[in-house]
Amino acid sequence: FQGLALDEHLRVLGPSKQYYESLLPDFRGTPEPVGGAGLVGRAGAFLAETVRKVAESWGVETLTDDGETSAENNTSVILELAFDGDRLLMTADAGMPALTRVVDRLEAEGWERGNLRLVQVPHHGSQRNVGPSLLNRLIGPKIVQDEPGLAVAYVSAARDGGPKHPSKKVTNAFRRRGVRVYATQGVNLCFRKDAPQRHDYSGAEPLPFFDEVED
C-alpha cells in the first residue's frame, strides 16, 4: 500500500508491494523449497546474544549500521501523519532495509528533516533496527552539545523490557541528534499538541543520556 493516502494528513510510506513480495521467501512460516538447503538468512537474527557493557560519551557512539532484523519485521507498515507543518513518523517494527527505502522516497520528494516533530523508535528500541547513517538522514547529524530540539521520539517498550528494549545506545543516538526520547515502560504516555490533558495519562520525563550501554 505504499503511496496510499488514507486522507489529507495520513499516508502509507512503506513497504511497497515489490519489496513485500521479495521478503516472503524469508518468512519463518514459508515452506522451504523442495530439494533446497533451507533459508540460511532466517537464523541470523535469532542467535543467542552475550550482553556486555561498554562506555559511551557525547562524542563516542557505539551504535553501528550492521543490525539485522527479520523479514517479517521489515514488512511492517510505516505511516506518516502530517498536520500544521509538522510530520510524525510511525515505524512499527521496521528494520534498516525497510526504513532506508522510506528515507530514499522522502528525500526524492524533498524531505526537510526540520519538520519531523515526532518519530516512533522502531521495534521497542532495538539496536538492530536503526543505525547512525540512517538517523543522520532521517533526523540530522550529531550535534555538538546536549540541546534537545523540537523533535521527540517515543519507545513502546514493556516495563521489564531492558536492557534490549529500549537499547541505551539507541536512545543515546537519538539524544545526540537533538531528539528527546520517552519510553512507555509500563505507563501510559500521551503526545499532545494544543489538546486537553487526559486524566488517566501521566506526564513523562525524557530518558537521560547514558554513560554505559549494553553491547
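This tour moves from a central strand and its neighbours to selected salt bridges.

The structure is a predicted model, in which local features need pLDDT of at least 70 and side-chain atom pairs count only at pLDDT 80 or more, while totals for chains, interfaces and linings use all residues. Residues are numbered from 1 along each chain as its sequence is written, and side-chain values use heavy atoms, with hydrogens and water left out.

**Strand S5 and its partners**

Please select residues 116–120, which form strand S5. Helices (H or I, at least four residues) and strands (E, at least two) are DSSP runs, numbered from the N terminus. Four of the five residues of S5 are buried; buried means under 20% relative accessible area, exposed over 50%, and partly exposed in between (1.4 Å probe, protein chains only).

Next, add residues 86–90, strand S4, which pairs with S5 in the parallel sense over three bridges. Two strands pair if DSSP finds at least two bridges between them. Within this pairing, Leu 89 has Val 119 of S5 as its bridge partner.

Now select residues 152–155, strand S6, which runs parallel to S5 and is joined to S5 by three bridges. Here Val 119 appears again, with Ala 153 of S6 as its bridge partner.

Display helix H3, residues 96–108, as well: S4, H3 and S5 make a right-handed β-α-β unit. A crossover is right-handed if, with the strands pointing away from the viewer, the path from the first strand over the helix to the second runs clockwise.

**Salt bridges**

The structure holds 13 salt bridges, each being a side-chain nitrogen of Lys or Arg within 4 Å of a carboxyl oxygen of Asp or Glu.

Select Glu 61 and Arg 176, whose side chains meet in a salt bridge at 3.3 Å, N to O. Glu 61 lies in the loop between strand S2 (53–55) and helix H2 (71–74), and Arg 176 in helix H5 (residues 168–176), so the pair ties together parts that are 115 residues apart in sequence. Both residues, Glu 61 and Arg 176, are buried.

Return to strand S4 and show Arg 87 with Glu 80: their closest N and O atoms are 2.6 Å apart in a salt bridge. Arg 87 and Glu 80 are both buried.

Finally, select Arg 137 and Asp 104, a salt bridge whose closest N and O atoms are 2.6 Å apart. This pair links distant parts of the chain, with Arg 137 in helix H4 (residues 132–138) and Asp 104 in helix H3, 33 residues apart. Arg 137 counts as partly exposed because its relative accessibility is 24%, and Asp 104 likewise counts as partly exposed, at 38%.

To close, select Arg 11, Glu 80, Arg 87, Arg 105 and Glu 109, which salt bridges with shared partners join into one network.
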